[in-house]
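I opened the model to look up how its chains are built. My notes follow in the order in which I made them.

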Amino acid sequence: MSNKVIHAIYNDDDVLMDAVKQTRAAHHHIEEIYTPFPVHGLDKAMGLAPTRIAICAFLYGLVGLSVATWMMNFIMIQDWPQDIGGKPSFNYIDNMPAFVPIMFELTVFFAAHLMVITFYMRSKLWPFKQAENPDVRTTDDHFLMEVGIHGNEEELISFFTNTGAVEVKVVDKH
Amino acid sequence: MYTFSSKLKTFSFVLMILGAIGIGVGFWQAPKTIEDVEKILADSHHGHEAAHVEKVAHDAEAHAVTEPAHSEVAVVDSTKAIVTDSVHATHEAVDSTAVAVAPVADNHDTHKKETVAHEADHDKEHAEHVFHQLQNKPWAALYVACIFFMLISVGVLAFYAIQYAAQAGWSPILFRVMEGITSYLLPGSIIFFILLVAAGMHWGHNHLFVWMDADVINPESVKFDKLIFLKKGWLSVGRFLATAAIILVVWNWVRFKFRQNSIAQDTATDNAPYKKNFKLAAFFLVFFIVSESIMSWDWIMSVDPHWYSTLFGWYVFASFFVSGITVIAMITLYLKSKGYLEHVNTSHIHDLAKFMFGISIFWTYLWFSQFMLIWYSNIPEEVTYFVTRIEHYKLPFFGMLALNFIFPLLILINTDFKRLTWIVVMAGVVILFGHYIDFFNMIMPATVGDQWFIGIPEIGSLAFFLGLFIFVVFSALTKAPIEPKGNPFIEESKHFHY
């Protein structure tokens, strides 16, 4: 079976949103949508699951806090508890206010960087990655909806033409 | 239009009556004479004092001075030297530094004899010290509750002005709620000003502000305090009351004009009243930040006249600002649950909860910045502030950190939670209680010292002002339509969605 998809191209995000709603109502499976900028509410209209990246960030923050606490407890309290300017190095809690700036920064550092790396990994972004634009105009002023063809090709083409698409193409996907 | 439910009205009256009784009990319980205090002290401390004297006597006899006993003696000696006993912080400072620097006395015999002689004097001074603290207790309880509720309405007023100045599109739907809360400013500030006058005139043994005692700046007096004497250009009762009057009058005037223009906008054909409020907000915010700073020195920091901190004004601001926003959220949720405010949706609540979360963190940032800088450098003249608090107020001092920081941090970080009524109300109750404790920690250590307790006077005062607050705020809410009309941003606000 050939992997044919429809590329319906729109030049307005409002038209695109309407088209997405019609497509969903007609139970056509949307493979992907390419837009030049974030379209507010598009994910909801497409029925995409909410992101869990904030939960990741929270957990990474906890890791950062633990690393900072463990590190300073080991270095300043366990390994060599020197008297530095009269700061109490008997146990961690006695000297904690001095450690808080580092605990805070490492929490933020871990949360931010690990979250960004997670984002890159999950969205498969890296340097020298081959760009996946099906049409260069989608980075400028056009919106493209990609829908798999699982039935009558002619019917689908007329369906998308009726949703206000400025261009409807049938493409072989490899 | 909102109608004040009779149940809530009765509830507010019950709170006021019970609170007034509690306040009365507080004043009635306060000791009237120094003999009362000596009796109390004899009952509670007799065992300890007797043991102490015995130990000293024993040491003198045996010529065997043990280290701990010796340090104790040194402490007793140096506390004797303190001129005035009213500032507990100073007392503490000498206490703790004395232990560290106490020189080893060469002549144990004479030293001991002196100590025993001093013991009687010291007991008397101690009794007088405790006497003032216990007499301050009902006043301080009243003062903390009064300033707390008044500053909540000031915090809401500042928030309201920011919404105008920033031309916020989400909040106009809540303006009447905010105006209702700021209506407490007038009665609240009148009662508060009376309390300031009471302190200045020393009505009913009110010694909340040590520097108001004329003797401390009189070089002839035994109570003479040079540090306060050097600050007398600022710390004078006349200047204090005049500044307070100016600040309170301007705040109330601004609140009155805000409300007047807001009501006028409901029926206006153009945006003139709105523009007036916009300009008024810009003026108020400039005046507010200056007056807020001054009021925090005067009304709060000056109970510890030996201590100063530069970010104190901001710290106090963050405390009552977050309380004010919390009260807006809670009253909005209450009105919404009663079927008023149909256009308020979970997005508005979400925004308020975000503010509660963010400003709670901001408060913590300032609290920690103040604490850590002083803890780190450990300069005796400023560290006493925290030494007294950590020694005598350990639970409230660190407990409020859990209430005001850790709890909101963990609860309000979740987007979904910020839309749930019960979560926001629960977090709100915790935040408000935490910030009452915050004000408690600011005032009490300097006025009642280690004699603090959250008992009938404190709870009574809190109940009284809570009842008054509910009564005034909900009465004000009945006086105007609960949703403003004619505000240029009202449509956007009604359809606000996040």
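Entry 1, chain B overall. I counted the elements of chain B and found 17 helices and zero strands. I keep in mind that the model is predicted. Chain B has 498 residues, and 54% of them count as buried. I then looked at contacts in chain B with a separation of 6 or more, and 84% of them join residues 24 or more positions apart.

Entry 2, H7 and H9 of chain B. I picked helix H7 (residues 185-201) and helix H9 (residues 237-267) of chain B, which pack at an angle of about 180 degrees with their axes 11 Å apart. Because angles over 145 degrees count as roughly antiparallel, H7(B) is roughly antiparallel to H9(B). I listed who meets whom: the H7(B) side includes Leu185(B), Phe192(B), Phe193(B) and Met201(B), and the H9(B) side includes Val237(B), Phe240(B), Trp251(B) and Arg255(B). Sorted by class, this contact of H7(B) with H9(B) has 14 nonpolar, three polar and one charged residues.

Entry 3, the loop after H7. I followed chain B into the loop between H7 and helix H8 (226-230), where I found His205(B). Its phi is positive, about 55 degrees, although His205(B) is not a glycine. I noted this since most residues other than glycine have a negative phi. Is His205(B) buried, exposed or partly exposed? With a relative accessible area of 43%, His205(B) is partly exposed.

Entry 4, H11 and H16 of chain B. I took a second helix pair, helix H11 (residues 312-337) and helix H16 (residues 456-477) of chain B, which pack at an angle of about 60 degrees with their axes 13 Å apart. That angle makes H11(B) oblique to H16(B). The crossing of H11(B) and H16(B) is right-handed. From H11(B), the contact uses Val327(B), Ile331(B), Tyr334(B) and Leu335(B), and from H16(B) it uses Phe469(B), Val473(B), Phe474(B) and Leu477(B). What classes do these residues fall into? In the contact of H11(B) with H16(B), I recorded eight nonpolar, no polar and no charged residues.

Entry 5, two single residues of chain B. I looked up Tyr385(B), which sits in helix H13 (residues 380-392) of chain B. Its relative accessibility is 5%, so Tyr385(B) counts as buried. Setting aside neighbours within four places in sequence, I found Tyr385(B) in contact with Asp304(B), Trp307(B), Phe312(B) and Met442(B). Met442(B) is 57 residues from Tyr385(B) along the chain, and their C-alpha atoms are separated by 9.5 Å.

I then looked up Thr364(B), which belongs to helix H12 (residues 346-377) of chain B. Thr364(B) has a relative accessible area of 9% and is buried. Not counting residues up to four places away in sequence, Thr364(B) touches Leu401(B), Asn404(B) and Phe405(B).

Entry 6, the sheet of chain A. I moved to chain A and found an open sheet of four strands in the order E2-E3-E1-E4, with antiparallel pairing. Which strands form the edges? They are strand E2 (30-34) and E4 of chain A, each of which pairs on one side only. Neighbouring strands of this sheet are turned by 20 degrees against each other on average, with direction ignored.

Helix H1 (residues 13-25) of chain A packs on this sheet and touches E1, E2 and E3 of chain A, and its direction makes about 15 degrees with that of E3(A). Helix H5 (residues 153-162) of chain A lies across E1, E3 and E4 of chain A, at about 15 degrees to E1(A).

Entry 7, strand E1 of chain A. Why do I call strand E1 (residues 4-10) of chain A largely enclosed by the rest of the structure? Six of its seven residues are buried, so the description fits E1(A). E1(A) pairs with strand E3 (residues 143-148) of chain A in the antiparallel sense over six bridges. Here Val5(A) stands opposite Gly148(A) in E3(A), and Tyr10(A) has Phe143(A) of E3(A) as its bridge partner. E1(A) also pairs with strand E4 (residues 167-172) of chain A, antiparallel and over six bridges. In that pairing I noted Lys4(A) opposite Asp172(A) in E4(A).

Entry 8, a loop in chain A. My last look was at Lys124(A), in the loop between helix H4 (96-122) and E3 of chain A. Lys124(A) is not a glycine, and its phi is positive, near 55 degrees.

Note on methods
Residues are numbered from 1 along each chain as its sequence is written. Chains are lettered from A and ligands numbered from 1 in the order in which they are written. This is a predicted model: local features need pLDDT of at least 70, side-chain atom pairs count only at pLDDT 80 or more; totals for chains, interfaces and linings use all residues. Side-chain values use heavy atoms; hydrogens and water are left out. Buried means under 20% relative accessible area, exposed over 50%, partly exposed in between (1.4 Å probe, protein chains only). Contact means heavy atoms within 4.5 Å. Two strands pair if DSSP finds at least two bridges between them. Axes are lines fitted to C-alpha atoms, for helices over the stretch in contact, and angles run from 0 to 180 degrees between N-to-C directions. Angles under 35 degrees count as roughly parallel, over 145 as roughly antiparallel, 65 to 115 as roughly perpendicular and the rest as oblique. A crossing is left-handed if the near helix is turned anticlockwise from the far one by less than a right angle, and right-handed if clockwise. Ala, Val, Leu, Ile, Met, Phe, Trp, Tyr, Cys and Pro count as nonpolar, Asp, Glu, Lys and Arg as charged, and the others, Gly among them, as polar.
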